[in-house]
Amino acid sequence: MDHIEHALSTGQARAHGFEDITFVHQSLPNLSTSQIDLRTTLGELSLSSPIFINAMTGGGGKATLKINEALAIVAKECGIAMAVGSQMAAIKDSRERPSFEIVRKVNPNGVIFANLGSEATVEEAKQAIDMIEANGLQIHLNVIQELVMPEGDRDFTNALKRIEQIVQQVEVPVIVKEVGFGMSKETALKLANIGVKIVDVGGFGGTNFARIENERRLRMLTYFNDWGLTTTASIVEVSQTVPLSVIGSGGLQNALDIAKALALGASAVGFAGYFLKLLLEEGIESLIEEIGNLHSDLAMIMSALGAKTIEQLQCVPLVIRGETHHWLTERGFDTKVYSCR
Ligand SMILES: Cc1cc2nc3c(=O)[nH]c(=O)nc-3n(C[C@H](O)[C@H](O)[C@H](O)COP(=O)(O)O)c2cc1C
């Protein structure tokens with residue numbers, strides 16, 4: 001509940017780099033909005049929408065059960081996938097299980113992702129998946145959050161080894177995700193080399209867990225508040241380096257952000273802080289309406305660009321400028337791959 005409270009009070013910076021991306025306008029798109037197909041795939045998973053509710057909560061008793069129940073109703077109503085928050089609390093204390101199990105109860109046929117940190121063992125991963133009959137398992141990487149967290153981990157050894165064992169031994173696809181600090185090409189390469197097929201870049205520029213954890217400590221480690229790769233830079237770094245399915249997330253708030261994330265190379269997009277705020281401040285119906293609007297606005301944007309499918313959207317020309325251009329150029333990426341395609 002601390003995290004939820006501080007996520008709402010610190011908000012989202014909109015420093016994700018999407019303002020550096022401009023689509024090249026097309027005057028003859030030759031498409032009708034009714035032809036737009038929003039279906040997508042993530043590794044072996046088929047999704048009817050590229051939008052999903054990213055990992056947030058559970059394990060905080062009744063209050064988090066209520067939030068997960070509401071999110072599950074929204075996911076079911078909108079036909080979108082949903083992740084639960086870290087299930088370690090329920091693995092350590094079975095009284096916390098209902099706050100996660102509610103999600104499967106509410107949405108028996110939905111696509112639901114389990115969630116654990118990279119400290120998890122294979123046995124714990126299997127328990128998390130079974131707890132909610134998950135269709136996939138997210139493993140979060142959150143080194144900076146742990147460092148800033150007063151009670152956080154300080155030992156980050158052997159995480160890659162543990163993830164490799166989980167990938168080899170669980171029956172569902174594994175998604176390795178960041179939590180708002182972004183993902184570099186170096187990290188993506190290491191993950192691809194151990195058999196990971198799906199990554200969520202969890203880019204910098206939206207919910208900021210250094211700021212959230214700093215709110216929970218007396219001596220603030222403010223030097224981590226601006227730490228990380230933006231969402232846009234991360235999507236390019238990962239998608240241009242390894243043939244993985246990429247989820248674009250970190251600060252997304254509208255359909256143009258979604259279209260840009262997909263055009264840069266993502267196959268799906270995760271929303272956390274923005275959906276949480278809407279849910280808690282305006283209620284379930286408002287969030288359902290907003291997701292409906294995101295779907296219809298995305299279809300409008302795709303029509304304007306002449307992209308009938310997500311795959312076609314991933315090929316439209318766009319120009320990258322400003323900070324994102326500078327970052328990518330310094331990191332050895334040729335931004336003309338996007339502008340001249
Ligand atoms: C209140 C809150 C709790 C979160 N808890 C988790 C978690 O348990 N596990 C996880 O992988 N990510 C967690 N996240 C991170 C989100 O899944 C996401 O990666 C991050 O917030 C960036 O996306 P956003 O800018 O859309 O919020 C949490 C986010 C919020 C706002």
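This is a short walk through the ligand site of a predicted model and the two pockets that go with it. Local features here need pLDDT of at least 70 and side-chain atom pairs count only at pLDDT 80 or more, while totals for chains, interfaces and linings use all residues. Residues are numbered from 1 along each chain as its sequence is written, and side-chain values use heavy atoms, with hydrogens and water left out.

Let us start at the ligand. Around it are 22 residues (a residue counts as near if one of its heavy atoms lies within 4 Å), and Ala55, Lys177, Thr207, Gly251 and Gly273 come nearest. Helices and strands are DSSP runs numbered from the N terminus (helices H or I, at least four residues; strands E, at least two). Helix H1 (2-10), strand E8 (174-178) and helix H12 (273-282) each bring at least two residues to this shell, with H1 giving the most, three residues. By class, the shell holds eight nonpolar, 12 polar and two charged residues; Ala, Val, Leu, Ile, Met, Phe, Trp, Tyr, Cys and Pro count as nonpolar, Asp, Glu, Lys and Arg as charged, and the others, Gly among them, as polar.

Now look at the backbone. A polar backbone atom of glycine 251 is 2.7 Å from an oxygen atom of the ligand, and a backbone N or O atom of serine 86 lies 2.8 Å from a ligand oxygen. For alanine 272, the corresponding distance is 3.1 Å. The protein covers 95% of the 610 Å² of accessible area that the ligand has on its own (Shrake-Rupley method, 1.4 Å probe).

Step back, and the space taken by the ligand turns out to be the largest pocket. On a 1 Å grid over the protein atoms alone, a pocket is an open set of points where a 1.4 Å probe fits, with protein on both sides within 12 Å along at least five of seven lines; lining residues have an atom within 4 Å of a point. This pocket holds about 1200 Å³ of space. Among its 49 lining residues, His3, Met56, Ser86, Gln145 and Phe209 lie nearest the centre. H1 again gives the most, with four residues, and the lining has 15 nonpolar, 25 polar and nine charged residues.

The second largest pocket has a volume of about 600 Å³. Its 29 lining residues include Leu141, Asn142, Val143, Glu178 and Thr187, which lie nearest its centre. Strand E7 (136-141), helix H6 (143-148), helix H7 (159-169) and helix H8 (185-193) each supply at least two lining residues.

Notes. Polar contact = N/O pair within 3.5 Å; in protein donor to acceptor, adjacent residues only side chain to side chain. Sits in = over half its atoms within 2 Å of the grid points. Points joined across faces, edges and corners; volume = space filled by probe spheres on them.
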